[in-house]
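Q: Please take a close look at one part of this structure and describe it in a connected way. I should like to begin with a charged group and an aromatic ring, and then go on to the part around them.

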Amino acid sequence: MSKKIISLFLLIIMVFGLTACEKSEDNGGSNSIASKGLKASDLSIEDFKWETNSSKCNGYDCYVVSLTNNSKYDIIGVDFSYKVKDSVSESQLNIYDKFMKAHDGYIEEDDSPKDVTLGANKNVLVQKGEQISGLNLTVGFKNWFWYDYPTDEQFNLMEPKELQIGIVSGNKLYIAYYNFKDKSWKLDEKTVAVDEWTKNEIGKKLNKPNGQHFVVKTDDDEEFEIYSYGVTKDMYKEYVENLKTSGFNEDDSYSSHFEGTNSDGYTVEVYHYENEKTLSVSIEKE
C-alpha cells in the first residue's frame, strides 16, 4: 500500500499539495510574527468550528472532518491530527497491532502503539463564512501516514492533537498551529507572499488566473510558477482559451491539463484540480 506523508507547512511553502513530504515535528514559530503583522492573540479556535462524523470513503467506513471558517480571515490549507489519549491502557493499545504489523517496513517491532496518529489534510481555500468537508482521517505513525481508515475502536482511543491552517492576512500567508492540549496558538516565523505577481519578464507572458488568491512557487528569469485558489472548472476552461488567444499553441490538452508553446519558445503548463478548485500554472523558456 502506498505511503501517504502529509505536511501542511511544506505543502504550502514548498510544493503546495502535490509532492508527498514528511510532517515536521518542529512548529518553528513564535507567538507573533511582527508587531504590525498577524499575532497568535488575534486567533480564536471558536472562529473555526469543526466536527468529526462517521461516513463512507471509497466504500469503506471512515471518519470525516468538516470545518467552518467563521473568522475574519481567508484560510488556505487545513490539516488536522489526532493522537492516542493519555488515559489509554497498555491492553487497549493492542487494537493497533494489525495496523502496525501491516506497515512493519516503517514501524519497528519495539515501537509503541502510543505513537499511532490520525491525520486529515486538504490544500484548499476556505473563505470567510465558508465550510470545508471531505477531510478523511487516515491512520499513521508519528510523522508518517497511510491510506488506512481507522476502525471505530481505534478512533475511540484518539483525541484531537493539532490543527494547522494557512491564514491570509494582508499580502502574507501565515502558518498557524492550534494545540488542543495546551489550548494555544502559535505562528510560524516564515511567511509567504500572497497575490503578488512577478516583476520578471517571463511572468509577464501570462495573465493572472481569476482565482480568489494565488501564491508564487517559483519566480526567476527562467521559470515562473504559481498556485491559484478558488478556480472552478469553467474558470479553468476560460483561462486556457485566453492562453490560446494570446499565442500559446496547444501541445497537449485534456479535461484538467493544458500545455502549449508560443512563437518565442515559451512553454506554459496548466493543471486544474477540480475537487480542490485549485490551479497550477507554470511557464518556462525551452
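A: In this predicted model, the charged end of Lys285 is placed over the ring of Tyr266, at 4.9 Å from the ring centre. The surrounding part is an open sheet of six strands, which follow one another in the order S12-S13-S17-S16-S15-S14 with antiparallel pairing. Strand S12 (213-219) and strand S14 (249-254) form the edges, and each of them pairs on one side only. On average, neighbouring strands of this sheet are turned by 15° against each other, direction ignored.

Within the sheet, strand S13 (residues 223-229) pairs with strand S17 (residues 278-285) in the antiparallel sense, and seven bridges join the two. Tyr227 has Ser280 of S17 standing opposite. Helix H4 (residues 233-245) packs on the sheet, where the helix touches S14, strand S15 (257-261), strand S16 (266-273) and S17. The direction of H4 makes about 170° with that of S16.

Aromatic rings also meet elsewhere, and a search of the whole structure finds 14 aromatic pairs. One of them joins Trp50 and Phe180 edge-to-face, with 5.4 Å from centre to centre and 65° between the planes. Trp50 belongs to strand S2 (residues 48-57), whereas Phe180 lies in the loop between strand S10 (172-179) and strand S11 (184-193), so this pair ties together parts that are 130 residues apart in sequence. Trp50 counts as partly exposed because its relative accessibility is 28%, while Phe180, at 16%, counts as buried. Ring pairs link both residues with Phe48, Phe80, Tyr178 and Trp185 into a cluster.

Terms used. Residues numbered from 1 in each chain as written. Predicted model: local features only at pLDDT ≥ 70, side-chain atom pairs only at ≥ 80, totals over all residues. Heavy atoms only, no water. Pairing = 2+ DSSP bridges. Helix = DSSP H or I, 4+ residues; strand = E, 2+ residues; numbered from the N terminus. Axes fitted to C-alpha atoms, helices over the stretch in contact; angles between N-to-C directions. Contact = heavy atoms within 4.5 Å. Phe/Tyr/Trp six-rings, centres within 6.5 Å; stacked < 30°, edge-to-face > 60°. Buried < 20%, exposed > 50% of the residue type's maximum accessible area, 1.4 Å probe, protein only. Lys NZ or Arg CZ within 6 Å of the ring centre and 35° of its normal.
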